[in-house]
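Please look over the sequence and the model below before reading on. The report that follows takes up a few residues and elements one at a time.

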Amino acid sequence: MTTLESRTPRVLLLALLASITTLSGCTVGPDYRGAPNVPTGAAHGNAFVRAPVAGMATTPAPSQWWATLNDPQLNALIDAALAHNQNLQAAQARLRQSREQLQQQRTKALPSVSVDAAAVRLREPDTSLLQSSQSSGNNGSQSGQTTGTSKGRGPLQLYTADFDASWELDLFGGMRRATESASAQADAVEADLADTQVSLAAEVAQAYIGLRDQQQRLVLANQSTELAQKTLALVQQRRAHGVAADADVERQTTQVENTRATLIPLDEQITESLDQLAVLTGQAPGALDQELSTPKPLPTLPASVAVDDPATMLRQRPDIRAAERRLASSSAQIGQHTADLFPKVTLMGFLGSTGINPADLAKKSAFTWLGVPYLQWDVFDFGRTRSTIRQAEADRDEAAAKYSQTVLAALQDANNALSRYGHQRESVARLQQIEASANRSETLMHQRYDAGASSLIDLMDTQRTQFSAQQNLVEGQADLLKDFVSLQKSLGLGWQ
């Protein structure tokens, strides 16, 4: 018959297990409800308020926007940068670190088990000589006494093996909140990696466009220098025949030297662009000189630029995603610290066996075991935990403000990029008209000068105007391409 006393421990154990089961589903702290609402300009028909009327398409924008520029060399450079850029590899390493931190946090919710084993062999010292020496110093009646038991015994042997286990029960969800925070943080780092890809693709494209712009303007400067040199030779011939004055020769010589002076800074800019592209693609300066030194035209803009609505832009921009995930991580940390207000229960267990021979370890009588729930509750912490909770709440509020600011900055970035692109399209159209007019004017003026109907000064002025118009057009087209790149970056495109 079972007595009440023998049933009491069993009843208490069942009550403890029932309470643990009930509390195991409790998770303290606020549940994350998503990022705060930020005004996105929906009052304007769900479209960007600064979008230009012409040159835009409402089709989905391609992620690899650089393919629309139809420049295989640019495509190869961006592919190389995405594969070998050191900043990108550092971002990838940070992502691996954050994922391993998440894995470590998940393992904290699992039991911890350790195994120990030892084989001890001990030989006691032989004390018989010491006892004999002590006996010889005593009176004669004791000098003949010996103790056979004082000799050292054989080596002592001891074998032991044990298992230790502990498991902190996540009664109030502190570890679950910590895992939730680490998971959101890993997502944020992954979004940082995507943002690095977006910036890298845009930076490579900007540098490549700058290189082609500088090369084209260098070609024009060389052509203008050759033309000015030919004109100088013609003026010198006219002076030799007494038709032109010395002042005309000096003016044309000045024109030649001024044109040549523009070559030096362009050469310097080309070198810098080549080195920048080499470093961006993970190579040493000078590695791309042979590949890219030959001048080539600027990439070709598509007939129309695909632009999504603001809501799509906000979903695909990695920096917004990163800010939202950091907000979620901060929210979970509130619950992680709130759990510290409540008791912590750890189940601890020990199973071991000890014997003087290895075979003794398997005997039932050699086994020792211990199982105990360990309760820890920092009741009197003088407000430290609540202060930590308030700090976590402040961190959450800061993350929410940063998220809202990131969204507003993204909207500003996209609208400004659209505005710049639209205005630059108009500017390039004007520059094309100016360049065409300058070319016609130079042709007519050269004919008049050859016929003797106009002066050298008039011809030189016309040629300077033509050269300036050509340079301005190339530079304007390059700026339009760079604005196109900035627009794609502002839309959050370019990440893999």
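## An exposed tryptophan and its patch

Trp369 counts as exposed because its relative accessibility is 66%, and a residue is called exposed when that value is over 50%. In this predicted model, Trp369 is found in strand 6, where readers can locate it by following the stretch from residue 367 to residue 376.

Trp369 also belongs to a nonpolar patch on the surface, which it forms with Val113, Val115, Phe163, Leu351 and Phe367. Together these residues have about 670 Å² of accessible area. Which strands each supply at least two residues of the nonpolar patch? They are strand 2, which covers residues 112–122, and strand 6.

## The four-stranded sheet

Four strands make up an open sheet, in which the order is 2-3-5-6 and the pairing is antiparallel. Strand 2 and strand 6 are the edge strands of this sheet, since each of them pairs on one side only. From one strand to the next, the twist averages 15°. In a regular strand, side chains alternate between the two faces of the sheet.

The pairing can be followed strand by strand. Strand 2 and strand 3 run antiparallel and are joined by eleven bridges, and within this part of the sheet Val113, a residue of the nonpolar patch, stands opposite Ala165 in strand 3. Strand 3, residues 156–169, and strand 5, residues 344–355, also pair in the antiparallel sense, and they do so over eleven bridges. Ser166 stands opposite Met348 in strand 5, while Tyr159 has Gly355 as its bridge partner in strand 5.

## Two buried residues in helix 6

Helix 6 spans residues 174–240, and Ala221 lies in it. Is Ala221 buried or exposed? Ala221 is buried, because its relative accessible area is 0%, and buried means a value under 20%. If neighbours within four places in sequence are left aside, Ala221 is in contact with Thr259, Thr262, Leu263, Leu266, Phe467 and Gln471. One of these contacts, Leu263, is 42 residues away from Ala221 in sequence, yet the two C-alpha atoms are 6.6 Å apart in space.

Thr231 is found in helix 6 as well, and Thr231 counts as buried because its relative accessible area is 4%. Leaving aside neighbours within four places in sequence, Thr231 is in contact with Gln252, Leu456, Leu459 and Gln463. Thr231 and Leu459 are 228 residues apart in sequence, and their C-alpha atoms are 9.5 Å apart in space.

## A helix residue and a loop residue

Thr338 lies in helix 11, which covers residues 318–338. With a relative accessible area of 14%, Thr338 is buried. When residues up to four places away in sequence are not counted, Thr338 touches Val28, Gly29 and Ile389.

Arg50 has its place in the loop between helix 1, residues 4–23, and strand 1, residues 56–57. Arg50 counts as exposed because its relative accessibility is 52%, which is over the 50% cut-off. Which residues are in contact with Arg50, leaving aside its neighbours within four places in sequence? They are Asn415, Leu418 and Ser419. Of these, Leu418 is 368 residues away from Arg50 along the chain, although the C-alpha atoms of the two are separated by 6.1 Å.

## The chain as a whole

The elements described above belong to a chain that has 13 helices and six strands. The chain has 496 residues, and buried residues make up 37% of them. Its exposed area is about 28,200 Å², of which carbon and sulfur atoms supply 54%.

The contacts of Ala221, Thr231 and Arg50 can be set beside a value for the chain as a whole. Among contacts between residues at least 6 apart in sequence, 86% join residues at least 24 apart. Ala221 with Leu263, 42 residues apart, and Arg50 with Leu418, 368 residues apart, are pairs that readers can look up in the model.

Note on methods: Residues are numbered from 1 along each chain as its sequence is written. This is a predicted model: local features need pLDDT of at least 70, side-chain atom pairs count only at pLDDT 80 or more; totals for chains, interfaces and linings use all residues. Side-chain values use heavy atoms; hydrogens and water are left out. Patches are made of residues with over 30% relative accessible area and no salt bridge: like charges are joined within 9 Å, nonpolar side chains (Val, Leu, Ile, Met, Phe, Trp, Tyr) within 5 Å. Accessible areas come from the Shrake-Rupley method with a 1.4 Å probe; for residues, only the protein chains shown count as cover. A salt bridge is a side-chain nitrogen of Lys or Arg within 4 Å of a carboxyl oxygen of Asp or Glu. Buried means under 20% relative accessible area, exposed over 50%, partly exposed in between (1.4 Å probe, protein chains only). Two strands pair if DSSP finds at least two bridges between them. Axes are lines fitted to C-alpha atoms, for helices over the stretch in contact, and angles run from 0 to 180 degrees between N-to-C directions. Contact means heavy atoms within 4.5 Å.
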